[in-house]
Amino acid sequence: MSRRKKTQNKFICFLLCCICVITMMVILTFRNKLKDSTFLEINKCPACYGISYCKHLLQGKVKLEGWQQINQLHFFNVKNVFFANHEGTKLVLKKLGHSKELLTLDRRICESAKLEKHCDVQSSLYKTKFMKAVGKDRGIVANFLPDLTETMTCPSQRLINRMFARFNEKIFIKKSVTDEKLMMITTLMINPEPLILQAFPSREGWPFPAYYGACGRYVVEEYGGKPLADFYHSDWYTRVGIAYQLLQQAEKFTNNDLNFSLYWTDLSYDNIAINHQGEVVIIDAEHIIIVDKKQIEKESMPGYGEPLISQFDTCKTKYDNCLGFSPSDLCSRLTSDHNYYALCRNLLSSYASEEGRPDGLLHDMPDTIKQTYQLDTLLDECAKPSNTNGRFEVKNKLLDIMSKIVTKNKRMKRNN
(Lines give C-alpha, C1' and ligand atoms only; values in the text may rest on other atoms or scores of the structure.)
Protein backbone atom coordinates (compact mmCIF):
# COMPACT_ATOMS: atom_id res chain seq x y z
CA MET A 1 0.00 0.00 0.00
CA SER A 2 1.34 3.39 -0.98
CA ARG A 3 2.36 5.93 1.64
CA ARG A 4 -0.33 8.27 0.33
CA LYS A 5 -3.00 5.60 0.76
CA LYS A 6 -1.88 4.90 4.33
CA THR A 7 -2.03 8.62 5.13
CA GLN A 8 -5.56 8.81 3.73
CA ASN A 9 -6.66 5.81 5.81
CA LYS A 10 -5.21 7.33 8.99
CA PHE A 11 -6.98 10.59 8.27
CA ILE A 12 -10.31 8.78 7.69
CA CYS A 13 -9.85 6.85 10.96
CA PHE A 14 -9.03 10.05 12.81
CA LEU A 15 -12.06 11.77 11.26
CA LEU A 16 -14.36 8.89 12.23
CA CYS A 17 -13.00 8.95 15.79
CA CYS A 18 -13.63 12.69 15.98
CA ILE A 19 -17.18 12.23 14.69
CA CYS A 20 -17.83 9.50 17.28
CA VAL A 21 -16.44 11.62 20.11
CA ILE A 22 -18.45 14.67 19.03
CA THR A 23 -21.59 12.53 18.65
CA MET A 24 -21.14 11.10 22.15
CA MET A 25 -20.56 14.57 23.58
CA VAL A 26 -23.73 15.87 21.90
CA ILE A 27 -25.72 12.88 23.19
CA LEU A 28 -24.40 13.33 26.73
CA THR A 29 -24.89 17.10 26.57
CA PHE A 30 -28.49 17.08 25.35
CA ARG A 31 -29.63 13.72 26.75
CA ASN A 32 -33.03 14.13 28.43
CA LYS A 33 -32.08 13.65 32.08
CA LEU A 34 -35.76 13.63 33.07
CA LYS A 35 -35.89 10.07 31.68
CA ASP A 36 -33.15 9.01 34.10
CA SER A 37 -34.46 7.41 37.30
CA THR A 38 -31.09 8.05 39.00
CA PHE A 39 -31.28 11.77 38.23
CA LEU A 40 -34.83 11.81 39.61
CA GLU A 41 -33.65 9.84 42.70
CA ILE A 42 -36.59 7.44 42.53
CA ASN A 43 -34.39 4.86 44.28
CA LYS A 44 -34.67 6.88 47.51
CA CYS A 45 -38.45 6.53 47.81
CA PRO A 46 -40.26 6.62 50.20
CA ALA A 47 -37.70 9.22 51.32
CA CYS A 48 -38.98 11.24 48.39
CA TYR A 49 -41.95 13.41 47.36
CA GLY A 50 -44.01 10.89 45.41
CA ILE A 51 -44.27 8.88 42.19
CA SER A 52 -47.48 10.07 40.50
CA TYR A 53 -45.71 11.88 37.62
CA CYS A 54 -42.96 9.31 36.96
CA LYS A 55 -44.74 7.77 33.97
CA HIS A 56 -44.67 11.04 32.01
CA LEU A 57 -41.04 11.77 32.85
CA LEU A 58 -39.62 8.30 32.26
CA GLN A 59 -41.40 8.04 28.90
CA GLY A 60 -39.62 11.21 27.76
CA LYS A 61 -42.82 13.25 27.36
CA VAL A 62 -41.38 16.11 29.43
CA LYS A 63 -38.40 18.04 28.05
CA LEU A 64 -36.32 20.80 29.60
CA GLU A 65 -36.30 24.22 27.94
CA GLY A 66 -33.59 26.76 27.06
CA TRP A 67 -30.09 26.47 28.48
CA GLN A 68 -31.29 23.85 30.96
CA GLN A 69 -31.25 21.32 28.10
CA ILE A 70 -27.45 21.42 28.41
CA ASN A 71 -26.66 18.93 31.16
CA GLN A 72 -23.22 20.34 31.94
CA LEU A 73 -24.82 23.65 32.94
CA HIS A 74 -27.03 22.09 35.64
CA PHE A 75 -24.16 22.71 38.06
CA PHE A 76 -25.04 26.42 37.98
CA ASN A 77 -28.72 25.80 38.78
CA VAL A 78 -28.20 26.13 42.54
CA LYS A 79 -31.91 26.56 43.28
CA ASN A 80 -32.70 23.27 41.52
CA VAL A 81 -35.65 24.79 39.64
CA PHE A 82 -36.16 23.59 36.06
CA PHE A 83 -38.45 24.93 33.34
CA ALA A 84 -39.87 22.27 31.06
CA ASN A 85 -42.52 21.46 28.48
CA HIS A 86 -44.96 18.55 28.54
CA GLU A 87 -46.38 18.20 25.05
CA GLY A 88 -47.08 21.93 24.73
CA THR A 89 -47.79 22.69 28.41
CA LYS A 90 -45.19 24.73 30.30
CA LEU A 91 -44.16 23.22 33.62
CA VAL A 92 -41.82 23.92 36.50
CA LEU A 93 -39.88 21.10 38.15
CA LYS A 94 -38.53 21.75 41.63
CA LYS A 95 -36.21 19.74 43.81
CA LEU A 96 -37.51 21.86 46.72
CA GLY A 97 -34.10 22.58 48.15
CA HIS A 98 -30.41 23.03 47.49
CA SER A 99 -28.37 19.88 46.98
CA LYS A 100 -26.72 20.37 50.40
CA GLU A 101 -30.14 20.45 52.09
CA LEU A 102 -31.07 17.12 50.53
CA LEU A 103 -27.72 15.64 51.51
CA THR A 104 -28.34 16.83 55.08
CA LEU A 105 -31.73 15.07 55.01
CA ASP A 106 -30.10 11.80 53.93
CA ARG A 107 -27.54 12.05 56.71
CA ARG A 108 -30.30 12.87 59.18
CA ILE A 109 -32.15 9.70 58.16
CA CYS A 110 -29.02 7.58 58.54
CA GLU A 111 -28.21 9.14 61.91
CA SER A 112 -31.73 8.55 63.19
CA ALA A 113 -31.48 4.92 62.07
CA LYS A 114 -28.13 4.71 63.92
CA LEU A 115 -26.27 3.87 60.70
CA GLU A 116 -23.31 5.33 58.80
CA LYS A 117 -23.92 8.69 57.13
CA HIS A 118 -23.92 7.18 53.61
CA CYS A 119 -26.49 4.48 54.36
CA ASP A 120 -29.30 3.31 52.06
CA VAL A 121 -31.98 5.87 52.94
CA GLN A 122 -34.73 3.84 51.24
CA SER A 123 -34.53 0.97 53.73
CA SER A 124 -33.18 3.01 56.64
CA LEU A 125 -36.20 5.34 56.78
CA TYR A 126 -38.32 2.61 58.38
CA LYS A 127 -35.89 2.43 61.32
CA THR A 128 -35.97 6.14 62.17
CA LYS A 129 -37.84 8.26 64.70
CA PHE A 130 -39.89 9.60 61.79
CA MET A 131 -41.98 6.44 62.10
CA LYS A 132 -43.45 7.88 65.32
CA ALA A 133 -45.49 10.29 63.18
CA VAL A 134 -46.94 7.39 61.18
CA GLY A 135 -50.28 6.66 62.86
CA LYS A 136 -51.97 3.26 62.87
CA ASP A 137 -54.88 4.53 60.80
CA ARG A 138 -54.53 6.36 57.46
CA GLY A 139 -53.47 9.60 59.17
CA ILE A 140 -50.28 11.22 60.43
CA VAL A 141 -49.76 12.21 64.06
CA ALA A 142 -49.25 15.99 64.10
CA ASN A 143 -47.79 16.14 67.62
CA PHE A 144 -44.58 14.41 66.46
CA LEU A 145 -44.02 16.72 63.49
CA PRO A 146 -42.48 19.75 65.27
CA ASP A 147 -39.58 17.49 66.28
CA LEU A 148 -39.07 16.51 62.64
CA THR A 149 -39.53 19.73 60.72
CA GLU A 150 -39.51 23.48 61.25
CA THR A 151 -42.20 23.89 58.61
CA MET A 152 -44.87 22.74 61.06
CA THR A 153 -44.41 25.79 63.26
CA CYS A 154 -48.01 25.59 64.47
CA PRO A 155 -48.80 21.84 64.61
CA SER A 156 -52.45 21.13 63.90
CA GLN A 157 -54.05 17.72 63.49
CA ARG A 158 -56.84 19.27 61.42
CA LEU A 159 -54.29 20.79 59.03
CA ILE A 160 -52.31 17.53 58.73
CA ASN A 161 -55.53 15.59 58.10
CA ARG A 162 -56.46 18.04 55.34
CA MET A 163 -53.01 17.77 53.76
CA PHE A 164 -52.99 13.96 53.86
CA ALA A 165 -56.56 13.66 52.57
CA ARG A 166 -55.58 15.76 49.55
CA PHE A 167 -52.12 14.24 49.13
CA ASN A 168 -51.90 13.31 45.46
CA GLU A 169 -49.22 10.68 45.94
CA LYS A 170 -51.53 7.90 47.10
CA ILE A 171 -50.45 4.42 45.99
CA PHE A 172 -53.83 2.79 46.77
CA ILE A 173 -52.32 -0.44 48.05
CA LYS A 174 -53.06 -1.15 51.69
CA LYS A 175 -49.51 -2.21 52.57
CA SER A 176 -48.19 1.03 51.02
CA VAL A 177 -50.03 3.38 53.38
CA THR A 178 -46.88 3.72 55.47
CA ASP A 179 -44.91 4.71 52.36
CA GLU A 180 -47.49 7.38 51.52
CA LYS A 181 -47.13 8.88 54.98
CA LEU A 182 -43.34 8.77 54.84
CA MET A 183 -43.36 10.55 51.47
CA MET A 184 -45.52 13.32 52.93
CA ILE A 185 -43.30 13.59 56.02
CA THR A 186 -40.19 13.75 53.78
CA THR A 187 -41.81 16.58 51.83
CA LEU A 188 -42.58 18.44 55.05
CA MET A 189 -38.98 18.08 56.23
CA ILE A 190 -37.58 19.66 53.06
CA ASN A 191 -40.23 22.12 51.87
CA PRO A 192 -44.02 22.15 52.52
CA GLU A 193 -44.83 23.99 49.27
CA PRO A 194 -46.34 21.04 47.34
CA LEU A 195 -48.51 20.13 50.33
CA ILE A 196 -49.77 23.71 50.58
CA LEU A 197 -50.54 23.71 46.84
CA GLN A 198 -52.61 20.55 47.27
CA ALA A 199 -54.35 21.58 50.50
CA PHE A 200 -55.20 25.05 49.17
CA PRO A 201 -55.51 24.47 45.41
CA SER A 202 -55.88 27.05 42.65
CA ARG A 203 -59.11 25.40 41.47
CA GLU A 204 -60.67 26.54 44.76
CA GLY A 205 -59.53 30.13 44.33
CA TRP A 206 -56.18 30.06 46.10
CA PRO A 207 -53.41 32.06 44.35
CA PHE A 208 -50.97 29.20 43.89
CA PRO A 209 -49.84 27.31 40.78
CA ALA A 210 -51.55 23.97 40.19
CA TYR A 211 -49.77 20.89 41.52
CA TYR A 212 -49.34 18.22 38.83
CA GLY A 213 -47.45 15.50 40.68
CA ALA A 214 -44.06 14.24 41.78
CA CYS A 215 -41.39 11.77 40.80
CA GLY A 216 -38.66 10.85 43.24
CA ARG A 217 -37.18 14.07 44.57
CA TYR A 218 -38.81 16.39 42.05
CA VAL A 219 -42.27 17.94 42.09
CA VAL A 220 -44.05 19.20 39.00
CA GLU A 221 -46.05 22.43 39.13
CA GLU A 222 -47.88 24.72 36.75
CA TYR A 223 -45.78 27.50 35.23
CA GLY A 224 -46.79 30.58 37.23
CA GLY A 225 -45.86 33.25 34.69
CA LYS A 226 -43.45 36.16 34.47
CA PRO A 227 -41.78 37.29 37.73
CA LEU A 228 -43.19 40.36 39.44
CA ALA A 229 -39.85 42.14 38.98
CA ASP A 230 -40.59 42.29 35.23
CA PHE A 231 -43.55 44.58 35.99
CA TYR A 232 -41.68 47.09 38.15
CA HIS A 233 -41.47 49.55 35.21
CA SER A 234 -44.92 48.76 33.77
CA ASP A 235 -47.70 51.30 33.39
CA TRP A 236 -48.78 52.51 36.84
CA TYR A 237 -52.37 51.34 36.37
CA THR A 238 -51.11 47.86 35.52
CA ARG A 239 -49.10 47.89 38.74
CA VAL A 240 -51.98 49.11 40.90
CA GLY A 241 -54.08 46.25 39.50
CA ILE A 242 -51.40 43.83 40.68
CA ALA A 243 -51.23 45.57 44.07
CA TYR A 244 -55.01 45.27 44.45
CA GLN A 245 -54.84 41.52 43.81
CA LEU A 246 -52.06 41.15 46.36
CA LEU A 247 -54.09 43.02 48.96
CA GLN A 248 -57.07 40.77 48.25
CA GLN A 249 -54.81 37.78 48.75
CA ALA A 250 -53.54 39.18 52.05
CA GLU A 251 -57.18 39.43 53.17
CA LYS A 252 -58.01 35.88 52.01
CA PHE A 253 -54.92 34.47 53.67
CA THR A 254 -55.87 36.16 56.94
CA ASN A 255 -59.65 35.59 56.94
CA ASN A 256 -61.34 32.70 55.15
CA ASP A 257 -64.13 30.16 55.64
CA LEU A 258 -61.69 27.33 56.33
CA ASN A 259 -60.49 29.04 59.53
CA PHE A 260 -56.86 28.63 58.55
CA SER A 261 -54.65 31.73 58.40
CA LEU A 262 -51.74 31.61 55.97
CA TYR A 263 -49.01 34.10 56.87
CA TRP A 264 -46.30 35.37 54.53
CA THR A 265 -42.94 35.34 56.29
CA ASP A 266 -40.85 35.90 53.17
CA LEU A 267 -42.46 38.24 50.66
CA SER A 268 -40.46 39.62 47.75
CA TYR A 269 -40.51 40.16 44.00
CA ASP A 270 -38.90 36.72 43.59
CA ASN A 271 -41.83 34.88 45.17
CA ILE A 272 -44.58 36.30 42.95
CA ALA A 273 -45.46 35.86 39.28
CA ILE A 274 -48.10 37.18 36.90
CA ASN A 275 -49.68 34.61 34.56
CA HIS A 276 -50.86 35.19 30.99
CA GLN A 277 -54.32 36.20 32.27
CA GLY A 278 -52.84 38.95 34.43
CA GLU A 279 -53.49 37.04 37.66
CA VAL A 280 -51.08 37.17 40.59
CA VAL A 281 -49.60 33.78 41.51
CA ILE A 282 -47.55 32.99 44.63
CA ILE A 283 -44.80 30.77 43.19
CA ASP A 284 -42.80 30.19 46.38
CA ALA A 285 -44.84 28.97 49.34
CA GLU A 286 -41.99 27.46 51.34
CA HIS A 287 -42.01 30.03 54.13
CA ILE A 288 -45.76 30.35 54.68
CA ILE A 289 -46.86 29.67 58.26
CA ILE A 290 -50.33 28.12 58.56
CA VAL A 291 -52.35 28.76 61.71
CA ASP A 292 -55.42 26.74 62.70
CA LYS A 293 -57.91 29.20 64.21
CA LYS A 294 -60.17 26.43 65.48
CA GLN A 295 -57.31 24.95 67.47
CA ILE A 296 -56.48 28.35 68.94
CA GLU A 297 -60.08 28.74 70.07
CA LYS A 298 -60.05 25.23 71.51
CA GLU A 299 -56.86 25.83 73.48
CA SER A 300 -57.96 29.35 74.54
CA MET A 301 -54.54 30.48 75.71
CA PRO A 302 -54.36 33.83 77.58
CA GLY A 303 -54.79 36.73 75.16
CA TYR A 304 -55.72 34.50 72.20
CA GLY A 305 -58.59 36.82 71.20
CA GLU A 306 -56.47 39.98 71.14
CA PRO A 307 -55.25 40.97 67.66
CA LEU A 308 -51.52 40.53 67.12
CA ILE A 309 -49.98 43.80 65.91
CA SER A 310 -46.76 43.57 63.91
CA GLN A 311 -44.03 46.01 64.86
CA PHE A 312 -42.37 48.05 62.12
CA ASP A 313 -38.84 46.89 61.33
CA THR A 314 -36.05 49.33 60.59
CA CYS A 315 -33.71 47.60 58.15
CA LYS A 316 -29.92 47.68 58.45
CA THR A 317 -29.56 49.38 55.06
CA LYS A 318 -31.87 51.37 52.81
CA TYR A 319 -32.25 48.48 50.39
CA ASP A 320 -32.97 45.66 52.84
CA ASN A 321 -36.43 44.14 52.91
CA CYS A 322 -36.58 42.99 56.51
CA LEU A 323 -39.64 41.38 58.01
CA GLY A 324 -39.66 40.52 61.69
CA PHE A 325 -42.24 38.22 63.27
CA SER A 326 -42.72 35.87 66.20
CA PRO A 327 -43.84 32.35 65.16
CA SER A 328 -45.12 31.56 68.65
CA ASP A 329 -47.24 34.72 68.68
CA LEU A 330 -48.71 33.97 65.23
CA CYS A 331 -49.54 30.45 66.44
CA SER A 332 -51.43 31.66 69.50
CA ARG A 333 -53.62 34.52 68.20
CA LEU A 334 -56.90 34.33 66.31
CA THR A 335 -55.99 37.24 64.09
CA SER A 336 -52.99 39.33 63.14
CA ASP A 337 -52.22 42.25 60.85
CA HIS A 338 -49.02 40.50 59.74
CA ASN A 339 -50.01 39.91 56.09
CA TYR A 340 -50.99 43.55 55.56
CA TYR A 341 -47.76 44.61 57.20
CA ALA A 342 -45.66 42.22 55.08
CA LEU A 343 -47.26 43.43 51.86
CA CYS A 344 -47.02 47.15 52.59
CA ARG A 345 -43.59 46.95 54.24
CA ASN A 346 -41.92 44.82 51.58
CA LEU A 347 -43.70 45.69 48.34
CA LEU A 348 -46.20 48.56 48.21
CA SER A 349 -45.21 51.50 50.40
CA SER A 350 -42.31 53.93 50.04
CA TYR A 351 -40.53 51.91 52.75
CA ALA A 352 -40.31 48.99 50.29
CA SER A 353 -36.97 49.72 48.69
CA GLU A 354 -35.08 46.78 47.27
CA GLU A 355 -31.84 47.59 45.49
CA GLY A 356 -32.72 48.60 41.95
CA ARG A 357 -36.42 48.91 42.86
CA PRO A 358 -36.78 51.96 45.12
CA ASP A 359 -40.08 53.22 46.59
CA GLY A 360 -42.02 50.00 46.08
CA LEU A 361 -44.15 48.59 43.29
CA LEU A 362 -46.36 51.70 43.19
CA HIS A 363 -43.53 54.18 42.66
CA ASP A 364 -44.12 57.30 40.53
CA MET A 365 -47.75 57.50 41.59
CA PRO A 366 -49.79 60.00 39.52
CA ASP A 367 -50.43 63.30 41.33
CA THR A 368 -54.16 62.99 40.67
CA ILE A 369 -54.21 59.72 42.64
CA LYS A 370 -52.30 61.27 45.52
CA GLN A 371 -54.60 64.30 45.65
CA THR A 372 -57.86 62.40 45.21
CA TYR A 373 -57.23 59.33 47.39
CA GLN A 374 -54.06 60.03 49.43
CA LEU A 375 -53.04 56.52 48.42
CA ASP A 376 -49.33 57.11 49.08
CA THR A 377 -50.05 58.26 52.64
CA LEU A 378 -52.32 55.28 53.33
CA LEU A 379 -49.73 52.79 52.07
CA ASP A 380 -47.08 54.27 54.36
CA GLU A 381 -49.60 54.18 57.22
CA CYS A 382 -50.18 50.50 56.45
CA ALA A 383 -46.45 49.82 56.74
CA LYS A 384 -45.89 52.03 59.78
CA PRO A 385 -49.23 52.87 61.48
CA SER A 386 -49.61 55.82 63.79
CA ASN A 387 -52.04 53.98 66.11
CA THR A 388 -52.34 50.43 67.43
CA ASN A 389 -55.08 49.08 65.16
CA GLY A 390 -54.09 51.29 62.26
CA ARG A 391 -53.42 48.52 59.75
CA PHE A 392 -56.84 46.91 60.21
CA GLU A 393 -58.45 50.29 59.53
CA VAL A 394 -56.17 51.25 56.64
CA LYS A 395 -56.38 47.92 54.78
CA ASN A 396 -60.15 48.34 54.39
CA LYS A 397 -59.64 51.83 52.98
CA LEU A 398 -56.94 50.55 50.63
CA LEU A 399 -59.16 47.75 49.35
CA ASP A 400 -61.97 50.23 48.67
CA ILE A 401 -59.73 52.84 46.98
CA MET A 402 -57.84 50.34 44.83
CA SER A 403 -61.12 48.76 43.76
CA LYS A 404 -62.38 52.15 42.59
CA ILE A 405 -59.15 52.94 40.72
CA VAL A 406 -59.02 49.55 38.98
CA THR A 407 -62.73 49.63 38.08
CA LYS A 408 -62.50 53.18 36.71
CA ASN A 409 -59.42 52.30 34.66
CA LYS A 410 -61.16 49.25 33.13
CA ARG A 411 -64.18 51.38 32.26
CA MET A 412 -61.98 53.97 30.54
CA LYS A 413 -60.21 51.25 28.53
CA ARG A 414 -63.54 49.85 27.31
CA ASN A 415 -64.70 53.32 26.22
CA ASN A 416 -61.50 54.10 24.29
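**Exercise 1. Across which strands does helix 9 lie, and at about what angle does it run to strand 9?**

Solution. The model is predicted, so that local features need pLDDT of at least 70 and side-chain atom pairs count only at pLDDT 80 or more, while totals for chains, interfaces and linings use all residues. Residues are numbered from 1 along each chain as its sequence is written, and side-chain values use heavy atoms, with hydrogens and water left out.

Step 1. Helices (H or I, at least four residues) and strands (E, at least two) are DSSP runs, numbered from the N terminus.

Step 2. Helix 9 lies across strand 8 and strand 9, in contact (heavy atoms within 4.5 Å). Its direction is at about 45 degrees to that of strand 9, where axes are lines fitted to C-alpha atoms, for helices over the stretch in contact, and angles run from 0 to 180 degrees between N-to-C directions.

Step 3. An open sheet of three strands has the order 6-8-9 with antiparallel pairing, and two strands pair if DSSP finds at least two bridges between them. Its edge strands, each pairing on one side only, are strand 6 (226-227) and strand 9 (280-282).

Step 4. Strand 6 and strand 8 (residues 272-274) run antiparallel and are joined by two bridges, with K226 opposite I274 of strand 8.

**Exercise 2. Describe the aromatic pair of F208 and F253.**

Solution. Step 1. Rings of Phe, Tyr and Trp (its six-membered ring) pair if their centres lie within 6.5 Å; planes under 30 degrees apart count as stacked, over 60 as edge-to-face and the rest as tilted. By this rule the count comes to 14 aromatic pairs.

Step 2. F208 and F253 form a stacked pair, with 5.8 Å from centre to centre and 20 degrees between the planes. The pair links distant parts of the chain, 45 residues apart, since F208 is in the loop between helix 8 (193-199) and strand 4 (211-215) and F253 is in helix 9 (residues 236-254).

Step 3. F208 counts as buried because its relative accessibility is 3%, and F253 is buried at a relative accessible area of 0%; buried means under 20% relative accessible area, exposed over 50% and partly exposed in between (1.4 Å probe, protein chains only).

Step 4. One aromatic cluster is formed by F200, W206, F208, F253, F260 and W264. The charged end of K252 sits over the ring of W206, 4.5 Å from its centre, where the rule asks for NZ of Lys or CZ of Arg within 6 Å of the ring centre and within 35 degrees of the ring normal.

**Exercise 3. Explain which residues of helix 4 are buried, and what they pack against.**

Solution. Step 1. The 14 residues of helix 4 (residues 99-112) should span 20 Å at 1.5 Å a residue, and this agrees with the end C-alpha atoms, which are 20 Å apart; the expected span is 1.5 Å times one less than the number of residues.

Step 2. L102, L105, D106, I109, C110 and S112 are the buried residues of the helix, and they pack against helix 5 (121-124) and helix 7 (177-190).

Step 3. Just after helix 4, K114 takes a positive phi of about 60 degrees.

**Exercise 4. How many bridges join strand 4 to strand 5?**

Solution. Step 1. Four bridges join strand 4 to strand 5 (residues 218-222), and the two run antiparallel.

Step 2. C215 stands opposite Y218 of strand 5, and in this hairpin, with two residues between the strands, G216 takes a positive phi near 60 degrees.

Step 3. Strand 4 is mostly covered, with four of its five residues buried.
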